[in-house]
Amino acid sequence: METRLTDLWKADDECRRPFSPKTELVSERGKKYTEYLNPLRLSADSIVMTKSGVDCSKELILVDSTGEQKTLTHFASSTSSLIKDKDGKILFSEVVPDPRWSLRSYSILREYDVKTGRFRDITEKTRFFNPALSCDGKSLYAVEYKVEGGSRIVRVDRSSGEVMERIDVPEGRQLSEIVPFEERLFTTLIDENGIEFCSYSSGQWNKIVKTTNTTIRNMRRYGEHEISFSCDLDGMDNVYLYNIESGVLEKLTSSRFGAKSPTIDEQTKTLYYSDYDVSGYNPVSVPVDSLMRVLMKFDSQEKDFIAESLSEQAHRYVEVPTAQADSALFEKISNTPSRRYTKAGNLFHIHSWFPCYPHMDRIKNLSLSDVLSLVDPGVTLISQNLLGSAVTQV
């Protein structure tokens, strides 16, 4: 089996050649696994990006023209992908824990001014994710995940943080990312069958690409009519460009192990992205004029031989429930009675016991001269309610 997989990997590696030329942006990456993601051009001689790895928490760094790194600030691990406005401010969403309740958190929209080194919270106690900058730069579009389920698009005023508009997505679908144009919004919607590439305009949703099992992420606007993103259409994550007017889809890179977090800088006509290798994700750049630009179609997805083989085995050996059995299970779940959960009535929930009494003071003091004196006959009970907010030991 090992030889067979090695031959498959060698053949796959060979058919993807030649790989895209690229210029590495960081001079020294270190020996431990590190991810440099979201490279964004800040000025003629500086690029900002996030860095995280085995020996460092997530942080925003500045990389100069020589490849030297400088830490600007530390970020939360739950920070979204970064976007940049024309003034060089970095915009993102970040999950903030509730100061009182450990099981409650919020996702707020924030901005970071690289020049002053200051953060500003645009919203408070919201559930807004994956922000995208409007064409005029005065508002943000974001994904809101509702407590009761489902999702919708929100448009937020950058200065006040007030919600200016809410747009519900079709029922049964979850919103992922948004790309605003002058008159239309382009989004990815997820349902049980995969990802849909859709547009929204004047209260109408239109499906651009039929449901696909490929991944589409890190969507960014480029120019007036194009969207860049990473996608595994050919079995490997690469950078693609889609023209919203002509419907032309182009593959821009041929990465050996995968590429993500693409951004095309319109001023310099340069593609920045993170290229994967054994040490992590490496930030690279390549001029747009030197890109390969291979025409592709969303329905020409490559089939993975190993995945297809495993799927065929599953269909062969796993008994699929009949429609009648599936319906009976659904009926049983639907008819399960629900009852109100009260804190007082569920304060105690004994989940374990021990047929002796341990002398905790002796154990803490490491008085181990006589092991038999550490415990006595008795009973120890441990209780924890289902919410994990009340623990009792008797």
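**Exercise 1.** Find what joins the side chains of E250 and R293, and place both residues in the fold.

*Solution.* Step 1: the side chains of E250 and R293 form a salt bridge, 2.6 Å from N to O; the term stands for a side-chain nitrogen of Lys or Arg within 4 Å of a carboxyl oxygen of Asp or Glu.
Step 2: E250 belongs to strand β21 (residues 249–251) and R293 to the loop between β24 (280–287) and β25 (294–296), so the contact links parts 43 residues apart in sequence. Strands (E, at least two residues) are DSSP runs numbered from the N terminus.
Step 3: E250 is buried at 14% relative accessible area, and R293 is partly exposed at 33%. Buried means under 20%, exposed over 50%, and partly exposed in between (1.4 Å probe, protein chains only).

The model is predicted: local features need pLDDT of at least 70, side-chain atom pairs count only at pLDDT 80 or more, and totals for chains, interfaces and linings use all residues. Residues are numbered from 1 along each chain as its sequence is written, and side-chain values use heavy atoms, with hydrogens and water left out.

**Exercise 2.** Which residues does the network that includes E111 and R158 join?

*Solution.* Step 1: E111 and R158 meet in a salt bridge of 2.9 Å, N to O.
Step 2: E111 lies in strand β8 and R158 in the loop between β12 (151–157) and β13 (163–168), so parts 47 residues apart in sequence are tied together.
Step 3: both E111 and R158 are buried.
Step 4: through shared partners, salt bridges join D85, K89, E111, R120 and R158 into one network.

**Exercise 3.** How many salt bridges does the rule give?

*Solution.* The count is 27.

Conventions:
Helices (H or I, at least four residues) and strands (E, at least two) are DSSP runs, numbered from the N terminus.
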